[in-house]
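Okay, thanks everyone. I'd like to walk you through one chain today, so have a look at the screen and then we'll go piece by piece.

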Amino acid sequence: MKFESKLIKRKICKVKGNFEVHVYFRKLEFEMWKCCFPCLDHIWRMFSKKVLSLISPEKKPFLGDKRLYICILCPKNGNFYILRRYLAAVMYRITEKVSLQPIQILKDNAEEERSETARLSSFVGAIAIGDLIKSTLGPKGMDKILQSTEMNEAVQVTNDGATILKSIGIDNPAGKILVDISRVQDDEVGDGTTSVTVLACELLKEAEKLVGMKLHPQTIIAGWRKAVPTAVAALEKSAMDHGNDAAKFKKDLLNIAHTTLSSKIVQQGREKFANLCVDAVLRLKGKTDLHAIQIIKKKGGNMNDSYLDEGFLLDKKVGVNQPKRIEKAKILIGNTAMDTDKVKVFGSRIRVDSTAKIAELELAEKEKMKDKVDKILKHECNVFINRQLIYNYPEQLFSDAGVMAIEHADFEGVERLALVTGGEIVSTFDSPGSVKLGQCDLIEEIMIGEDRLIKFSGVALGEACTIVLRGATQQILDEVERSLHDALCVLSQTVKETRTVLGGGASEMLMANAVQELASKTPGKEAVAIEAFASALRQLPTIIADNAGYDSADLVSQLRAAHTQGQHMMGLNMYEGTIGDVRELGVVESFKAKKQMLTSAAEAAEMILRVDDIIKCAPRQRTPDHH
């Protein structure tokens, strides 16, 4: 059958992106029904290659990326004007079907990941973060070396999860969520920063398997939301509270300190450091503010030379020719400039016609500084501590008046000193009667190693104390400080929330069994998600055993069987590679820390699982500077 046609109309249309579509209307020499309302799909299906050949031979169907030739055939009995009504629809079909120029709503260089690609990207990023730090979990976890690209930056050696995640640069959005929950865990309770990240990672691993089984993310989330209250209820039921018995409660605090410090660098001397931390926290008398506990690091000796000093230590020196020891001290704490005033107008100059004029200027500056010192002395203080420098002339005036002057005390030291002595930080000295001075029984200079420090004894805030750390290198001192900070934080929170739970994987296995029991009673697909939550909880004791080099499959199976038989006190004994009664072993953790770990990990994993689209904005264009 021959297809002969005659060109009756040629139209050029431009679509989005200046793409040209050349449309040829040709009338066939015979009648053909079902072609009165042509569309692109119908023509390509009915006429295929023959349609394209109807276009003049010198023009091809596709010429580059910006032009397309297409022919619309009209039967002999068709109405040409009717076809024009459908031209707009044909243009739309061309754009949609051939995908010549997809619609772009984002700016150039912006990136978007959708559906499964976005979810996979989130899973991969979060799981990579968990795999990075899970080797630091447990009493036999390993350390990480954090080295900066800057030449002057010190190297850090640590196994603290919050420190590791805070120090590394992370570009993955899901990974940043895990970093945030680790920081929140550190701020809230101080301990469990690694556990919360690892648990969230294990939950996402289980979610990845379920998504691969075509389980909808909302179904998984619904199951998790049922599992979390069940796990919390099991944890609360197993919690012990000795807050009314001082002796037992102090023993609980010591056990918590032992458990917290067992995975740190101070593991060998944990008995001494545990007692040191408990004594410091009990001095706070129930307060959770740790500003009254100061930590000073001094290189030299070894970690066992560290001690707790009752009082406040300031790492500064007394001025020249000033008293080194003062009893019944009245302390004025200032933040003021103690140098001669300078002309602060940029580019200003002073012209003099003789050297005598210069001497007059210097004398005027001295008189001005003498007036400020006289105002300070009117406060009837015998100790003046300034955050800024004290230069030679005012230092000499203080010496003549028999006042101890301490200069350049850093802002943190001044704030803590004002807290423990009960004084105020002042910048102007025109109203001596309205300024509250700090009180102290004795101020003296002491030696720690080869350094001189100033000790304040008998301060107004009786709970103030100082922990002096000794160590061979700065890296050791920094890690010991981080270890004691974690212990102090979790102990201070335990004093407020006195309930405790068992460690060594006992609480995780207890919660996992409770969640597993819930799964067996839950109908539908949510039961699969609940079982996955229980499996993630069991991974924590598995990782602890793996990090110690033991057979985790054997130990966890024994632990699971023991808990199934009702022996809920059983946990991992990492010193012998067996399971045992962790209550007798003294492996105790804070209830608040464990609960915070569970809820934070579940919320973070749920947030990441709900993601189905990741949009990265276009980078900001750097504009050249015009000089």
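I'll start with the whole chain, then take two sheets, a buried alanine, a helix pair and one more helix.

Quick housekeeping. This is a predicted model, where local features need pLDDT of at least 70 and side-chain atom pairs count only at pLDDT 80 or more, while totals for chains, interfaces and linings use all residues. Residues are numbered from 1 along each chain as its sequence is written, and side-chain values use heavy atoms, with hydrogens and water left out.

So, the overview. The chain has 19 helices and 22 strands; helices here are DSSP runs of H or I with at least four residues, strands are runs of E with at least two, and both are numbered from the N terminus. Of the 627 residues, 46% are buried, and buried means under 20% relative accessible area, with exposed over 50% and partly exposed in between, using a 1.4 Å probe and protein chains only. Take the contacts, meaning heavy atoms within 4.5 Å, with a separation of 6 or more: 74% of them join residues 24 or more positions apart.

Now the sheets. One is an open sheet of 3 strands in the order β8-β17-β9, with mixed pairing. Strands count as paired if DSSP finds at least two bridges between them. β8 (293-299) and β9 (307-310) are at the edges with a single partner strand each, so each has one side without a neighbour in the sheet. The twist averages 25° from one strand to the next. β8 and β17 run parallel over 7 bridges, and Ile 293 has Cys 465 in β17 as its bridge partner. Lying across β8 and β17 is helix α14 (residues 474-496), at about 160° to β8; the axes are lines fitted to C-alpha atoms, for helices over the stretch in contact, and angles between N-to-C directions run from 0 to 180 degrees.

Where does Ala 464 lie? In the loop between β16 (451-459) and β17 (465-471). Ala 464 is buried, at 2% relative accessible area. Setting aside neighbours within four places in sequence, Ala 464 touches Arg 283, Ala 292, Glu 310, Gly 311, Val 420 and Val 459. Its C-alpha is 8.5 Å from that of Ala 280, and those two are 184 residues apart along the chain.

The other sheet is open too, 3 strands ordered β7-β18-β21 with antiparallel pairing. Strand β18 (residues 499-502) pairs with β21 over 3 bridges, and Leu 502 sits opposite Val 588 in β21.

On to the helix pair. Helix α9 (residues 246-261) and helix α10 (residues 270-282) have axes that come within 9 Å and cross at roughly 130°. That makes α9 oblique to α10, given that under 35 degrees is roughly parallel, over 145 roughly antiparallel, 65 to 115 roughly perpendicular and the rest oblique. Among the residues meeting there are Leu 253, Leu 254 and Ala 257 from α9, and Phe 273, Ala 274 and Val 278 from α10.

Last stop, helix α12 (residues 392-400). Its buried residues are Pro 394, Glu 395, Leu 397, Phe 398 and Ser 399. What do they pack against? They pack against α11 (355-377), β12 (383-386) and β13 (404-406). After α12 comes Gly 402, with a positive phi near 75°.

That's my tour; happy to go back to any part.
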